[in-house]
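Thanks for making the time this morning; I would like to walk you through one model, and I will put the sequence and the structure up before I say anything about them.

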Amino acid sequence: MTAAATNNQRPIAGSVVAITGGTGSFGSTMARSLLERNVERIHIFSRDEAKQDDMRRRLNDERVRFFLGDVRDESSIVPAMRGVDYVFHAAALKQVPSCEFFPQQAVLTNVNGSHNVIRAASNAGVRSLVCLSTDKAVYPVNAMGMSKALMEKTAQAFARNFSESGMAVSVTRYGNVMYSRGSVIPLFVRQLQDGKPLTLTEPSMTRFLMSLGDSVDLVDHAFTNAAPGDLFIKKAPASTVETLARAVASLFGIDDPDIRVIGIRHGEKMHETLLSREEIVKASDEGEYFRVPLDARSLQYELYFDEGETAISRSEDYTSANTYQLNIEETKELLMRLPEVRQLVGER
Ligand SMILES: O=c1ccn([C@@H]2O[C@H](COP(=O)(O)OP(=O)(O)O[C@H]3O[C@H](CO)[C@@H](O)[C@H](O)[C@H]3O)[C@@H](O)[C@H]2O)c(=O)[nH]1
């Protein structure tokens, strides 16, 4: 067993956890869950002092400490890593359109910034670091996905090149998180409340549907089970955009909503891929999760040419088009698990 794997056995209770991008939706959900589980201390690292202040007041818990800084500046990360056991790296530029117009900014934060976080964490003796990625990093077509794909490679290269580090750096990949800020579900809700038509980009487009609670489960799984360089995916169902829109409308008591088709936006795919066929042939099925181990081959190029992979041509990608497809009723059930939706429906 590696040093990192042994260290990972330490439970969350009693440990110190740092969260980069800690005031965002992922980070704050993670923080709340950790506080419920008797974590000793949480270090929230982020750029925006106003959001930190809001979170400080909201949580009102002395176990939470705030560190102001930017992942682009490694020296600002160092204080947040002192004495830390686990790191959840969620800081990122994640909006598809803004990364499309400013791709160099995506590289600075998502690629260079991630490298800084990994280096600072390893230098501080962290046991396990989980980097948050997205389905858009697989066969990427937009700058956000491309920069996240390079973040994944940066994490894997660290695991491959610094096996003496003692830190297990791993990656978790997500699909669309339901009701996250700026996403389509709150938009549909607003449109329904304002009596406007629902704008659909392309009715048959599909997306994986996951909740923030699923995200906590996946990160926990990675914290305690990851070997250096592992990639984890949680299996998830999907729906078409039209099914999603009709499900949201139906929860508002509207069975035949007004729909306006607006066309695909910049940098969008018809379907998302959580695991490529190249990864699936290496993946192990762990029930609710897939784990893809690090490709630990060294830089001996003959191996890449002499040992071909024959299974790849026989396997299929794991996509939002071939995973389980939810119908309107099932999508409504999933939506009703979200506290935001339950509250809205209860208010009506
Ligand atoms: O007016 C609209 C806006 C969006 N959509 C569609 O709804 C789906 C979801 O869109 P959205 O909620 O904006 O999510 P994505 O653009 O797929 O990206 C989100 O999900 C990613 C994970 O896949 C995250 O990394 C991104 O930060 C997050 O914005 C897509 O098929 C869109 O085409 C519509 O039909 N009508």
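How many bridges join strand 10 to strand 15? Before I answer, please keep in mind that this is a predicted model, in which local features need pLDDT of at least 70, side-chain atom pairs count only at pLDDT 80 or more, and totals for chains, interfaces and linings use all residues. Residues are numbered from 1 along each chain as its sequence is written.

The answer is 4 bridges, between residues 231–234 and residues 289–292, with the two strands running antiparallel; strands here are DSSP runs of E with at least two residues, and helices are runs of H or I with at least four, both numbered from the N terminus. One of the partnerships is that of Leu231 with Val292 in strand 15.

Both strands belong to an open sheet of 9 strands in the order 3-2-1-4-5-6-10-15-14, with mixed pairing, where two strands pair if DSSP finds at least two bridges between them. Its edges are strand 3 (64–68) and strand 14 (284–286), each of which pairs on one side only.

Turning to the ligand, the shell around it holds 19 residues, of which Lys94, Thr134, Ser183, Val184 and Thr201 come nearest; a residue counts as near a molecule or strand if its C-beta atom, placed from the backbone, lies within 6 Å of it. Helix 8 (184–193) and strand 8 (198–200) are the elements that give two or more residues to that shell.
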